[in-house]
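Let's take a walk through a structure together, one strand at a time. Keep the picture open beside you as you read.

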Amino acid sequence: MYLGRVTGRLVATVRYEGMDNVKLQLLEPLDEAGKPTGEQLVAACALSVGPGDLVHYIDGREAALALPDETFVPVDVAITGFVEQAHVNGADLPLDLAPEGAPQAEGQR
Amino acid sequence: MILADVIGTVVSPSVQVPALDGRKLLVVRPVQPEGAPVGPKPRIAIDTIGAGVGDRVLVIDEGNAGRQILSAPNAPVKTLIIGFVDEVEIDGRRVYDHGAPS
């Protein structure tokens with residue numbers, strides 16, 4: 001699993017069979033200082049997360065197992081949980097850092 | 001399996017992945033045998049041996065092995081800490097020794 005920060009959401013109307021109820025979020029992988037590595041990923045997500053949230057995610061075929069209601073769907077990145085606290089190299093990473101200009105997370109947790 | 005240094009801890013509720021319930025999540029930095037970091041992204045690994053910050057550990061990054069260790073057939077888990085590294089020797093040269101004063 002890796003550390004990431006949610007930067008946005010994504011809507012795709014026409015999708016492969018079985019992906020109908022899968023929510024998609026944009027995700028930035030983080031380095032050990034909590035800074036974006038420059039990559040941008042689209043992740044499947046069964047949690048209510050919004051822009052700025054610190055999460056952990058899994059890649060590869062295990063991502064398909066992270067969705068509770070779907071047994072097999074074609075996803076290769078999935079958010080596996082919120083991070084409540086991340087202490088790396090002796091310092092806490094900022095937990096909720098809304099990217100500039102992004103809408104705040106909807107209060108639906 | 002890869003070598004990694006434990007550099008931090010992560011606290012996360014396990015609602016999404018019940019197999020993580022009660023498991024310690026550690027932030028690990030993949031390293032070369034001599035200790036140089038590999039890549040910019042640290043990994044979050046599930047601890048199975050009682051590792052802590054500062055330890056050099058052995059990490060698996062394969063889901064089938066991970067699910068067997070946790071006895072969780074459908075869990076989305078992949079990265080697990082499964083051993084401490086005591087020493088590493090390459091071509092007869094000791095490049096890492098846990099017991100050596102640093």
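Find L26(B) to begin with: its bridge partner is A45(B), which sits in β3(B). That link is part of a longer pairing, as strand β2 (residues 25-30) of chain B runs antiparallel to β3(B), with four bridges between them. Before going on, keep in mind that you are looking at a predicted model. Chain B has an average pLDDT of 92, and 99% of the residues score at least 70. For the complex, the predictor reports an ipTM of 0.88 and a pTM of 0.87.

Now stay with β3(B) and look at its other neighbor. Strand β5 (residues 79-84) of chain B pairs with β3(B) too, this time in the parallel sense and over two bridges. Here I46(B) has L80(B) in β5(B) as its bridge partner. So how covered is strand β3? Mostly: of the five residues of β3 (residues 43-47) in chain B, four are buried.

Let's zoom out to the chain these strands belong to. Chain B contains seven strands and one helix, and if you follow the sequence you meet them in the pattern β-β-β-β-α-β-β-β. Its radius of gyration is 14 Å, close to the 13 Å that the globule rule gives for 102 residues, so chain B is as compact as a globular protein of that length. Along the principal axes, the C-alpha atoms of chain B fill a box of roughly 45 × 25 × 25 Å. Of the 102 residues in chain B, 33% are buried. Contacts tell you how the chain comes back to itself: among those in chain B with a separation of 6 or more, 55% are between residues 24 or more positions apart.

One residue makes a good guide to the inside. V28(B) touches a whole list of residues beyond four places away in sequence, including A4(B), V6(B), I7(B), A45(B), V57(B) and I81(B). V28(B) also turns up in the largest nonpolar core, which has 51 residues. Together with A44(A), Y57(A), A78(A) and I81(B), V28(B) is listed there as having the most contacts inside the core. Notice that those names come from chain A as well as chain B.

That brings us to the place where the two chains meet. How many residues does each chain bring to the contact? Chain A gives 28 residues and chain B gives 23 residues. On the chain A side, β1 (2-10), β4 (54-59), β5 (77-82) and β6 (85-88) each supply at least two residues. Sorted by class, the side of chain A that touches chain B has 15 nonpolar, eight polar and five charged residues.

The chains also share strand pairing. β6(A) and strand β1 (residues 2-11) of chain B are antiparallel partners, with four bridges between them. Look for Q85(A), which stands opposite V11(B) in β1(B). Then move to V88(A), another residue in strand β6 of chain A. Is V88(A) buried or exposed? V88(A) has 21 other C-beta atoms within 10 Å, and the cut-off for buried is 20 or more, so V88(A) counts as buried. Leaving out residues up to four places away in sequence, V88(A) touches E32(A) and L93(A), and also I7(B), G8(B) and V27(B) from the other chain. V88(A) and M1(A) are 87 residues apart in sequence, yet their C-alpha atoms are 15 Å apart in space.

While you're in chain A, look at β4(A), where five of the six residues are buried. β4(A) is joined to β1(A) by four bridges, and the two run antiparallel; R5(A), for example, has L54(A) in β4(A) as its bridge partner. β4(A) also pairs with β5(A), again antiparallel, over five bridges. There, D59(A) is matched with V77(A) in β5(A).

Finally, go back to chain B for two loop residues. S71(B) lies in the loop between α1 (63-70) and β5 of chain B, and its phi is near 50°, a positive value in a residue other than glycine. S71(B) is exposed, with 8 other C-beta atoms within 10 Å. D91(B) is in the loop between β6 (87-90) and β7 (93-97) of chain B. D91(B) isn't a glycine, but its phi is positive, at about 50°. With 5 other C-beta atoms within 10 Å, D91(B) is exposed.

Methods. Residues numbered from 1 in each chain as written. Chains lettered and ligands numbered in written order. Predicted model: local features only at pLDDT ≥ 70, side-chain atom pairs only at ≥ 80, totals over all residues. Rg over C-alpha atoms; globule rule 2.2 N^0.38 Å. Buried ≥ 20, exposed ≤ 12 C-beta atoms within 10 Å, placed from the backbone. Contact = placed C-beta atoms within 7 Å. Pairing = 2+ DSSP bridges. Core = buried A, V, L, I, M, F, W, Y, C linked by C-beta atoms within 7 Å. Nonpolar A, V, L, I, M, F, W, Y, C, P; charged D, E, K, R; others polar. pLDDT = per-residue confidence, 0-100.
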